[in-house]
Structures are given as structure tokens and as C-alpha cells.
Amino acid sequence: MRWTLKPTPDSEKVKSLAKELQVSPTIARILCQRDINTFNEAKLFFRPSLEDVHDPFLMKDMDLAVARIDKAIAKQENILVYGDYDVDGTTAVSLVASYLRTLSPNIATYIPDRYAEGYGVSYAGIDFAEDNDFALIIALDCGIKAIDKVAYATQKGIDFIICDHHKPGDEIPKAVAVLNAKREDCSYPFDELCGCGVGFKLIQALGVSRQQTIEKFVPYLDLVATAIAADIVPMNGENRVLAYYGIQVINNNPRNGIKALVHQTKKKELTITDVVFIIAPRINAAGRMKHGNYAVELLTEMDFDSAVQFAADIEIFNADRKDLDKKITDEALIQIIDNNEEDKFTSVVYQEDWHKGVIGIVASRLIEKYYRPTLVFTKSGDKLAASARSVKGFDVYNALLACSEFIEQFGGHKYAAGLTLLPENYNKFKNKFEEVVSKTIDKKLLTPEITVDAEIELSEITPKLFRILEQMAPFGPQNMKPVFKTSSVRDNGYGKKVGADQSHLKLNVFQGDNKQTFGAIGFGLGDKLEEAQNDFDIVYTLDENIWNGHKSIQLVLKDLK
């Protein structure tokens, strides 16, 4: 692990902000590092307001999208709400469909089959729309590159509205409206919305002519917060506001589907991290193991008992998914060793019977072992399909672009992408990808990095500091939970390995002559017990530990040396 201390902000700014907010220099420093330099910026950050949600009509083509939907409703046309099979896509479809059903009975949903149709807008989906007399398709979390598909639909007299957040190509599909803040000709003030976020802007815009204020749309934010968390988009700007209110909805009055997913957990209150690890994998499991329709049915179900049954089915899919991803990860690790590829710059593995639904998870697991850009391939029809994952700081999308001569189709983001290629091009692609990465990656990016916000003494950890840090939630990219470094701490002698497989580390640490100890837990750090015998340095976040009704501040260790 590399420990990197964030650059120290301007000391005068820190001093001024600490005084204005009446907080410690440590808190002021962390805020300045996040571009929060004034009282008003801090107020916006700590007290997100629905007034900070932007006017949806600032997004290019929003007026065209609203006009076309209003026309469809007035003429009683059938509208097909179409979306990808992952969490962002299924939540977006559930959100837009459930709102449109308050305006028209002629609304249906469509999630493409992950295996038969693949990612994004499909010809099969357009044929389904034609066969069932749909005049309008609203595509969510996909479609920005569906130039040929939109043209195909147009020939059949079917209109398209695209709501996407992926990077556009050189050409924009000729749809009635293309809502995407990443369009170069779009001046919307925030371009990091997820697909469900773009869907939310669409229903917000539809509400304007119906005299519906933003408050009317708050109940939909449980879906938006789930998508923001699962899609790992930046947790700042408008996303922070939407997630902040969405978490409140999840905890106080969620829709039946989300209530059914969480009612078996013992947690009284969910954080955004719980959404990532409890709600999102279960929604995803439907599209991975069976069909994304299950997720949409769960999230739009009006009857709680029916939602509980859907949730129970999805729980089984999720258990199957866990078994599969462990099995395939083990097979992939063996393949890397057998091929003598442990010291390469990339991991590229392939087996034709690997389950397409879990190869993205497997790619992430391989990065935990070999920290480098990774692709996991499987057979998909007469082609090979892969999920790509990257390491912090390296743009895998650009690397794939450099290998495009061997690729049939690809799309995605800086850190995650999907692609297909012909079987005969697999080895050529694999060699080219290794060559591209080896020449372009900064070698230090191949060692995992822990970014440290501030170096502090243990004596600075107080209930007030912890309360303020808690108010910085929800956490996510661009607003990660603050990480601290403390030097020369000691364990009180009762440190031990814990957990069923003894893989975790439990310590009680103190510093210098101050005998106040803090409980510390290091998940996956069991093998570091030896290093905790004398003085050592730690990097950690702060959490609340509740034991027998007693609350205390606990250090969650990320590393020690």
C-alpha cells in the first residue's frame, strides 16, 4: 500500500474557515481539500437543500422530450420504458415507469436479456415495440451510441427519447431528444448524474407544467440514491443533494420493494455504504442470474406481501451469484498462475463456460489479488464478451480505444467497461492490451494507494470531531470518508486475530504518555499482528461501535506499518 497525504491547502484559508465555522483546523483543512472554502459553501455542503436541485430544462433537449411525452399521453399512445439490466438501469426504469403510470395507463417496461440481447438498446427490443404497437421508447442508462438502432426504430415509425450518462461518441443518435449532460453542446451545470438521475430530471420536468414542485418527487429519491451509490458516480454537487434526501426516504418511508429487501436486516438505519452492500447487489443479482425484469417488478410493486416474495426470489439469485463468483474467481486465479502471467501489467482471462452475469464482479476480485487493469472474457453466442475493470488513476476506456482494431463493440467509463470481440481476435487483443497498458500506465498506479486527508494525534479524536465527520455523509467518490494517519502508536498488549478464519485484526491503541485507548479493527489485516508489537503508524477512518448498549468511537484500520 502507498500512503499519500493530500496536499495541504492554503493555511490562511484553513484558518479563516475554522474561525468562521468554529471548527478545528483539522475539519477546516478537510473541507478546503474538498473545495469548500467559505461559510456559504459549507452551509450548502452540510445542509443540502432541495432548492439546490437544478432546473431540469437547463438540460439540452429536455423541452423536446417533455413535448413528445405530453403528445403521447394526449393521444393515448403506448410508451415503452426501456433500460439496462444493472442497478442504474432497473432503478431508472422503475422510477420513470412508476411516475408515467400516474399520468397514463399505456406504460410498459422492457429490460433486455443480458444473454440473448446484451447491453443497451437491442433490435429485439425495437421489434417487441413494433409488435406491441408502441409509438415511443424512452431509453434509460443506455442509447447514447445506439445510432443504427434508433435509425432502425425510426424506419418503423417508433420515436426514441434517450436518457443516458455515458460518454457520447462523435455522433449523437437522431432521436426526438437526447438527454445527456456529457454532450458537448449541453450546458447543464452538473454532468455527473447517473442514468437514474437523468430519469429523475425527466420526471421533474414533466411535473413543471402540472404544477408539481420538487417536494412531490422526493418519494422517488430512494431509487435515485440507490443508483448513485451502486454506479459509483461522484458524491458531490447535485448527486449529493439527491443522495442525501434519498437516504432519508430509504430510512423513513421507502417503496415496498426496498422495504422488502432491507426488512430482514437488523439495521435500524442504513448508510450509503449499506445501500452499496445490501440493496444494490440484490437488485443486480436479478439481471446477473435471471432477468432484470425481476428487479423492476420488485421496485414497482404496490403490494408489500408480493414485494416480499419477489425479494425472497432475488435473495436466492444473490446466493447463487455469490457461489458462482467465488468459483469463477478461483478458476481465473489458477489460469493466471498456469499461464505464468503473475508479473504482467494486465490480467486477461477467458473460459467459455463462465457465467456472463458475474464476470464484472470476478474482474474486481482479481484486482484485489493482482492490482492492475483486468478483463474477464466468456463466450456469448458466436463472440467473446468481457467486463473490464481498472485501477485508480488509469483510464481503461482509453486503453480499449487503442485496441479497437480487434474489438467489435465496446462502451463504458474510465474504470469499468464492456466489450465483445471475435474468438480469432482474442490473443491479438490480449497481447495488444498488455502492450498498451505497459507503455501508458504510470508504474506507481500498480500499487494500491491510500489517500490520507490529515495526520492527527489520537488526542484530537473527540465526540465533537466525530459528530462533524458524520455530518459529511453521504460519502462516495469526490467526498470519501476522511482518512487519518497517526504515527507512533502502541497496542496495549491485547491485540489479536479475530474472525472465523482469523483474517481480521483487533487492537486497542494509545499514543505517547496519553493512556486513553481506542479500539481498532482491521478487516483483512490479521497477518499484520506481528507489526503491531512495538511502535507503528496507522491509517484509518472513524466509526461508531455499539457494544451492550455502550457507544464508543472505533478506528477502522486501512493499513499499518
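Gln-22 is exposed, with a relative accessibility of 64%. This value, like every other reported here, comes from a predicted model. Gln-22 sits in the loop between helix 1 (11-21) and helix 2. Its backbone is notable for a positive phi, near 55°, in a residue other than glycine. Ile-232 also has a positive phi, of about 50°, although Ile-232 is not a glycine. Ile-232 belongs to the loop between helix 9 (221-231) and helix 10. At 61% relative accessibility, Ile-232 counts as exposed, because the cut-off for that class is over 50%.

A further backbone feature occurs at Pro-474. The peptide bond that joins Ala-473 and Pro-474 is cis, with omega at about 0°. Pro-474 is located in the loop between helix 18 (463-470) and strand 14 (484-491).

Burial was then examined in helix 2, which contains Ile-27. Ile-27 has a relative accessible area of 1% and is therefore buried, since buried means under 20%. Leaving aside residues up to four places away in sequence, Ile-27 touches Leu-465, Ile-468 and Leu-469. Val-14 lies 13 residues from Ile-27 along the chain, and the C-alpha atoms of the two are separated by 8.9 Å.

Helix 13 (residues 293-300) also has buried residues. They are Ala-295, Val-296, Leu-298, Leu-299 and Thr-300. These buried residues pack against several elements. Among the partners are helix 5 (87-100), helix 9, helix 11 (256-262) and helix 12 (272-290). Strand 3 (107-110) and helix 14 are partners too. An α-helix has 3.6 residues a turn, so residues three or four places apart point the same way.

Helix 14 (residues 304-338) takes part in another helix contact, with helix 15 (residues 359-369). The two axes come within 9 Å and cross at roughly 50°. Helix 14 and helix 15 are therefore oblique to each other. The crossing of helix 14 past helix 15 is right-handed. On the helix 14 side, the contact is made by Arg-321, Asp-325, Ile-328, Thr-329, Ala-332, Leu-333 and Ile-336. Helix 15 contributes Ile-361, Val-362, Arg-365, Leu-366 and Lys-369. Sorted by class, the contact has seven nonpolar residues, one polar residue and four charged residues.

Charged pairs were considered next. The structure holds 28 salt bridges. One of them joins the side chains of Arg-34 and Asp-453, at 2.9 Å from N to O. Arg-34 lies in the loop between helix 2 (25-33) and helix 3 (39-46). Asp-453 lies in the loop between strand 12 (449-452) and strand 13 (454-455), so the pair ties together parts that are 419 residues apart in sequence. Arg-34 is buried, with a relative accessible area of 13%. Asp-453 is buried as well, at 2% relative accessibility.

A second salt bridge is formed by the side chains of Glu-238 and Lys-201, at 2.6 Å from N to O. Glu-238 is in helix 10 (residues 237-252) and Lys-201 in helix 8 (residues 195-208). The pair links distant parts of the chain, 37 residues apart. Both Glu-238 and Lys-201 are buried.

A third salt bridge connects the side chains of Glu-405 and Lys-432, at 3.9 Å from N to O. Glu-405 occupies the loop between helix 16 (396-401) and strand 10 (409-412). Lys-432 is in helix 17 (residues 426-440), so the pair ties together parts that are 27 residues apart in sequence. Glu-405 is exposed, with a relative accessible area of 55%. Lys-432 is partly exposed, at 22%.

Salt bridges also form a network. This network links Arg-68, Lys-75, Glu-77 and Asp-159.

How values were computed:
Residues numbered from 1 in each chain as written. Predicted model: local features only at pLDDT ≥ 70, side-chain atom pairs only at ≥ 80, totals over all residues. Heavy atoms only, no water. Axes fitted to C-alpha atoms, helices over the stretch in contact; angles between N-to-C directions. Helix = DSSP H or I, 4+ residues; strand = E, 2+ residues; numbered from the N terminus. Parallel < 35°, antiparallel > 145°, perpendicular 65-115°, else oblique. Left-handed = near helix turned anticlockwise from the far one by under 90°. Contact = heavy atoms within 4.5 Å. Nonpolar A, V, L, I, M, F, W, Y, C, P; charged D, E, K, R; others polar. Salt bridge = Lys/Arg side-chain N within 4 Å of Asp/Glu carboxyl O. Buried < 20%, exposed > 50% of the residue type's maximum accessible area, 1.4 Å probe, protein only.
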